[in-house]
Amino acid sequence: ENGGGPRYHHAEELHPEDVFDIFAQMFGADIRDMQGRRYTNRQHPGRRAQHHHQQQQSPMQNPMQLFQVLPIIIFFLVYSLFSIGSHDRASPFSLHEDHDHGYTVRRRTKEHRIPYWVQSTFTKDFRDPYIIQNLEHQVYQSHKGHLHRRCNFEQKEKFTMRQRANRFYSGQERIDLLDKADRMPTKSCDELQKLINKYGY
């Protein structure tokens, strides 16, 4: 790891699922509790009246719930401001060639050999070897994060196909679909595992 060097952020580093993961870690219990209450009300309408009666007896319950949700609202406001500001600042790199934003010069990280694209002024703007090393470390982390998201998608596809086979098919059709799910490639998962095996992180 490259310690206290400057960090660079680009649009590909933060995705909706990344924000949800942060949410789940910070406020997961509260969210699950609220979801559980909604599910209980749908499945047991008789309890809804009892719950409403309890709310009438506890006038501070709704303000307390609002207080619990307030950090979530603040988090989204801060994230939105950061996202708006990040578009105003040119990112030093992109994981993909992007002519619209000037990322046309292809480079590879020195240690991991990961391809990335920069603008034509990169060599003039970034001359310090330590800064470039820190930036390329973040290229690697962003690339690995991209593979991780793709891997999750591939695994969900396999799981969904197996679930459909077991739920809606029988006999030889089910066997064929299960076999197709087992043979479905997970290229991103394989590439991610190779990186971890090779570099240890």
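**Close-up views of a predicted model**

**View 1. His112 sits in the loop between β1 and β2.** Start here, in a model that is predicted rather than determined by experiment. With a relative accessibility of 6%, His112 falls under the 20% cut-off and therefore counts as buried. Its side chain makes a polar contact of 2.8 Å with the side chain of Tyr201. Leaving aside residues up to four places away in sequence, the residues that His112 touches are Tyr140, Tyr199 and Tyr201.

**View 2. Arg113 shares the loop between β1 and β2.** If you like checking backbone torsions, pause at this one: phi of Arg113 is near 60 degrees, a positive value in a residue other than glycine. For background, most residues other than glycine have a negative phi. Is Arg113 buried, partly exposed or exposed? Its relative accessible area is 48%, so Arg113 is partly exposed, a class that ends at 50%.

**View 3. Strands β1 and β2 form an antiparallel pair.** Here β1 covers residues 105-108 and β2 covers residues 115-118, and four bridges join them. Which residue of β2 is the bridge partner of Arg106? That partner is Trp117. Six residues lie between the strands of this hairpin, and Arg113 takes its positive phi there.

**View 4. Helix α5 runs from residue 129 to residue 168.** It holds 40 residues, and the distance from its first C-alpha to its last is 58 Å. That is close to the 58 Å expected at 1.5 Å a residue. Have a look at the start of α5 as well: a side-chain oxygen of Asp128 comes to within 2.9 Å of the backbone nitrogen of Tyr130.

**View 5. Leu135 and Gln133 both belong to helix α5.** How do they differ in burial, buried or partly exposed? Leu135 has a relative accessible area of 0% and is therefore buried, under the 20% cut-off. Gln133, at 43%, lies between the cut-offs of 20% and 50%, so it counts as partly exposed. Each also has a partner elsewhere in the sequence to look for. The C-alpha atoms of Leu135 and Pro92 are separated by 8.2 Å, although the two residues are 43 apart along the chain. For Gln133 and Glu111, 22 residues apart in sequence, the C-alpha to C-alpha distance is 8.8 Å.

**View 6. Helix α5 packs with helix α6, residues 171-183.** What is the angle between them? It is about 170 degrees, and the axes are 9 Å apart. An angle over 145 degrees counts as roughly antiparallel, so α5 and α6 are roughly antiparallel to each other. On the α5 side, the contact is made by Lys158, Met161, Arg162, Ala165 and Asn166. On the α6 side, it is made by Arg174, Leu177, Leu178, Lys180, Ala181 and Asp182. One reminder helps when reading this list: an α-helix has 3.6 residues a turn, so residues three or four places apart point the same way.

**View 7. The protein chain as a whole has seven helices and two strands.** To place the close-ups, follow the elements from the N terminus: α-α-α-β-β-α-α-α-α. Of the 201 residues in the protein chain, 27% are buried. Among contacts between residues at least 6 apart in sequence, 59% join residues at least 24 apart.

Terms used
Residues numbered from 1 in each chain as written. Predicted model: local features only at pLDDT ≥ 70, side-chain atom pairs only at ≥ 80, totals over all residues. Heavy atoms only, no water. Expected span 1.5 Å × (residues − 1). Polar contact = N/O pair within 3.5 Å; in protein donor to acceptor, adjacent residues only side chain to side chain. Buried < 20%, exposed > 50% of the residue type's maximum accessible area, 1.4 Å probe, protein only. Pairing = 2+ DSSP bridges. Axes fitted to C-alpha atoms, helices over the stretch in contact; angles between N-to-C directions. Parallel < 35°, antiparallel > 145°, perpendicular 65-115°, else oblique. Contact = heavy atoms within 4.5 Å.
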